[in-house]
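Here are my notes on this one, in no great order of ceremony. Have a look at the model first, then read on.

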Amino acid sequence: MPRQSLGELELLVMLALLRLGAAAYGAAIRAEIRARVGRDVTPGAIYPTLARLEDRGLVKSVASDPLPERGGRSRRVFELRPQGLKELRRTWRQYAVLAHGLEPALDPERALGAKKP
Amino acid sequence: MTPRPPLLARALGLAIARPFRDEVLSDLLDDHHGCHGRRSSMIAAAALAAAILRSAWDSHRHARLARAADHHSRGIRMTSFLRDLRFAARALARVPWLTLAALVTLSVGLGAALTMYVVADGILNAPVPWAAPDRLAMLSSNARALWGVRLGDHEEVAARSASIEAASAWQGWQATLTDRDGITSRVAAASVGGEFFRMLGVTPALGRAILPEDDQLGREPVVVLSDATWTRYFAGDPSAVGRSIDIDGAPYRIVGVMPAAFIDPINWAIFGNRPIGAWRSAPEVFDRGRRDKTWVGFWSVIRLKRDVSIDAAASEISAIARRIQPDSTGAPFTIATLREANTRGVRTTVYALLAAVVALVLIVCVNVANLLIGRGLGRKGEIALRLALGASRGAVIRQVLAESAILAGVGTGVGLLLALGGVRAVRAIAGPYGLSGRAFEFDASAVIAAVALALVTTLLCGLLPAWRSSKNDVQIALRETGRSQGPSRASQSLRRLLVVVETALACALLVQAGLLGRSLVNLLSVRPGFDADRALVTSLSLPPVPFARLSEQTALLDAVFANVRRMPGVEAAGTITDFPMSGAINSTSISIVGATAEPTQTLVRAIDGDYFDAVGVPVVRGRGFTEADRQGAAPVALVNESFVAKVLGGQSALGRQAVVRGVVREIVGVVRDVREFGLTTSGDVTLYTPYRQEAQDWMRSGSTLVVRAGDDPLRLSASLRDAVSRAAPGRPIGAVRLANDYLDRQLAVPRLQAIVIAAFATVSVLLAAIGLSGVLACAVAERLREIAIRLALGASRSSVARLIVGQSLWVTGIGLAGGLVGGWLLSGVVSGLLFGVTRTDPAVIGGTTALVLITALIASWAPARRAGAVDPMRTLKQ
């Protein structure tokens, strides 16, 4: 099976999952992306992406205990699988290798700031 | 305040891709609840709506992305079979009309076939409520298959035969049951011996069966009720067992109730829709049967030993019968398995319809094959290209087979749906054909049959075109494609052969339709011997009293007649024990005083009132019965014309004396014959006695009331009920029917046969016409160049058109010849259903020939016109 690199939204979702730790609701992932990146990703985009990651074995979902205040409806929490972490590392390494030495071009503000006395 | 977000959200939420809908919607609603406090409700609702729509858009986009990624990664693993199917589906979608034609043909054909399969299965393999039913057989006297036997003969055979394990005789009649409130009604009942239930291997649902010890004279009379009788008289109360019920005026103790599923072997065969409601012990009936050698009213069922075949048993029993009745010629018994005896009436019909179905399915397959071959011809170039590019023959065959697999699969699916509807329709109309008790269910076998049909269809329709396509020589095919010509002789003659087969099958079906249609016409023109249009018929129950108390019955009858005759529009009223075509037999041996001839089996009917006037049967000689022919007066009788011809050898009947059940009666008149057992049989010997001189109690306990109306008889039915209930309170009459209904019941099955076969024949002729016209169109398209050359060299347009028509007639003629022969062979199946028409009826053959030839001319009209309209210049330049 040919390996497929992670798409942009997939990368964002997986990084958010890593950041959130143990397990997270879809809504929490959205909130994390909005807070960090400032991008408003709709739930309509989040869930198909999570489903795709789950199909690829990178993420797993578990039904959480029913929430009392929501009329007992159970929701799903998502978690990074070890395979997912490996994939995330691989993708990140690709970016890192390719980006090595390009920091001034890719992130001028920080690069310049570092050189400033 | 929230402006009803759930409803709005739910409505808009339908736009979200289904797998994610709930989760996405619930998150959006959470968002909405989190912020609606800060905004006005309208704006909040609008924002929610916008968010939902945006999410919906995203969900579809991302779901599609996911699918695309899936396909990318799975594409390589997808089996080549699935790929073939997908490819075939796309190929079929490119030729929608051909696909539609093939699908419609397949699904209609398979739908009809499945429907008939379920119906045939329901009729021929109906579950029977007896143990080991295949070893049960029925003996009947040879004179008429549904006539009973002498009890003495039955017992002789049972005692002497080595192939019989158990045997039981019983006697059926219409009993009068009286309940606690004194209300009586008529129920079909049977007098049985103690071995009856044990031989059938059935046990009652409640209480006990009738046992051998009940057979001894002087024992307490006992009765076993059917579930229906028990429900009707005792409302299903289990304490009914042990109580008593009056049968024909005598008390019987109820000892058991049969389960609802139990069917008496005879009611199944003879009484049709009148299930037997009570079985009584009746040693005196059997005693009388043993002594009265003239009484053939016993049904005889035997259980064969385990390893004995029905044929072996039949020949053994015939031999025994010849020994006990040395004077009779041939076998005095017919023997048939119970299953066969019980489906005798419909079996031939079912086989005929199955034959029609098989023919139709063959036509369907041939037609689809024809369509697919035609298509294969059109894409020879494409296939040649694929072969040239390295596709294996197997791959090409697989792909073409996949196309027919799709057609067969979809066709079977739709056909199954059609069959569901068809079976439902059959269930709805089954009542009048005496099949209402049959369960027409789809079961595993029907589904297996459907799958088998699909497989056969796939192979039949797919193999030929696939084989043809892959045999193409690549170079020739490519060259021919380049010239846009390619009259392959082999493929054309194959298609012509298919059309010949189709025409032959359609023609064979047409012959059957013609024969059955003519039979129906003949049946419709049969006169039943009585005036059925104006006679109303209903059942009347009378108090079951001995002959000494006859006046109780006659007083009641007189009151009924007086009331009924007073009704406006009534011309005559009378009663008879058994109305013609009601299925009752009631016969006895009658001898003529002073004659040396053998006693003759004769139907006996007791009549009262103006019966003959009511049914419109004329007295042709002598006189009818009068009021003087009553109890105590000299016994008299009337006979029909067949009696005069067969029993008296055509001599004058008046004044002759007949011995009827021990009574010497003077024949005082002769009446016209009436068809007693249906329209197809005539000449039954019948003798009528006056009701008021009938010493047999059971002949008087119930009657059929017949009323002749001046006009519009059915208008009288309600007032007839009133008139009878005023004269005889507590004796409700049965359903009031027009005498014509009895005739209609006789005609229902032949009418259905003719209609169904004609429908099959019509469909098959249409299919054959489609096939023929397709082949001709293809032939014209392939011969355009040749036709153009002929025209350029001076041939006239009409001669070119004649060429095509000639080809059509040539193909049709061969099919017609084969079809007429096939039709003659097939008519062997329906010969039992024919009436007044021979299998080689010239009108049917002529009509079929004309119809097929005219259809062929119509089918060739469009292709011939096209051939005649070819422009030689343009065609040759191309």
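**Notes on the two chains**

1. Starting with how chain B is wired: of its contacts with a separation of 6 or more, 81% are between residues 24 or more positions apart. Keep in mind throughout that this is a predicted model.

2. On the make-up of chain B, I'd just put the inventory down. The chain holds 28 helices and 21 strands. It has 878 residues, and 50% of them are buried. The exposed area comes to about 39000 Å², with carbon and sulfur atoms supplying 60% of that.

3. Chain A next. It has 117 residues, of which 34% count as buried. There are 6 helices and 3 strands, and reading from the N terminus the order is α-β-α-α-β-β-α-α-α. For contacts between residues at least 6 apart in sequence, 52% join residues at least 24 apart. Chain A exposes about 7300 Å², and 56% of this is from carbon and sulfur atoms.

4. Now a helix pair in chain A. How do α1(A) and α4(A) cross? Helix α1 (residues 8–20) of chain A and helix α4 (residues 82–99) of chain A have axes that come within 11 Å and cross at roughly 120 degrees. Angles of 65 to 115 degrees would count as roughly perpendicular and those over 145 as roughly antiparallel, so α1(A) is oblique to α4(A). The crossing is left-handed.

5. As for who touches whom in that pair, α1(A) contributes Leu11(A), Met14(A), Leu15(A) and Leu18(A), while α4(A) brings Gly84(A), Leu85(A), Leu88(A), Thr91(A) and Tyr95(A). Sorted by class, this contact has 7 nonpolar and 2 polar residues, with no charged ones.

6. There's a helix pair in chain B worth a look too. The axes of helix α6 (residues 151–160) of chain B and helix α11 (residues 310–324) of chain B come within 10 Å, crossing at roughly 125 degrees. These two are therefore oblique to each other as well, but here the crossing is right-handed.

7. Which residues of α6(B) and α11(B) meet? From α6(B) they are Asp153(B), Glu156(B), Val157(B) and Arg160(B), and from α11(B) they are Glu316(B), Ile317(B), Ile320(B), Arg323(B) and Ile324(B). The split by class is 4 nonpolar, no polar and 5 charged. Set that beside the chain A pair, where the contact has no charged residues.

8. Is Ser642(B) buried or exposed? This serine sits in helix α21 (residues 641–646) of chain B. Its relative accessible area is 8%, and the cut-off for buried is under 20%, so Ser642(B) counts as buried. Beyond its neighbours within four places in sequence, Ser642(B) is in contact with Val647(B), Asp673(B), Gly683(B), Asp684(B) and Val685(B).

9. Last, Val456(B), found in helix α16 (residues 444–470) of chain B. With 44% relative accessibility, this valine counts as partly exposed, the bracket between under 20% for buried and over 50% for exposed. What is the C-alpha separation of Val456(B) and Cys365(B)? The two are 91 residues apart along the chain, and their C-alpha atoms are separated by 9.0 Å.

Terms used
Residues numbered from 1 in each chain as written. Chains lettered and ligands numbered in written order. Predicted model: local features only at pLDDT ≥ 70, side-chain atom pairs only at ≥ 80, totals over all residues. Heavy atoms only, no water. Axes fitted to C-alpha atoms, helices over the stretch in contact; angles between N-to-C directions. Helix = DSSP H or I, 4+ residues; strand = E, 2+ residues; numbered from the N terminus. Parallel < 35°, antiparallel > 145°, perpendicular 65-115°, else oblique. Left-handed = near helix turned anticlockwise from the far one by under 90°. Contact = heavy atoms within 4.5 Å. Nonpolar A, V, L, I, M, F, W, Y, C, P; charged D, E, K, R; others polar. Buried < 20%, exposed > 50% of the residue type's maximum accessible area, 1.4 Å probe, protein only. Areas by Shrake-Rupley, 256 points an atom, 1.4 Å probe, with all protein chains shown as cover.
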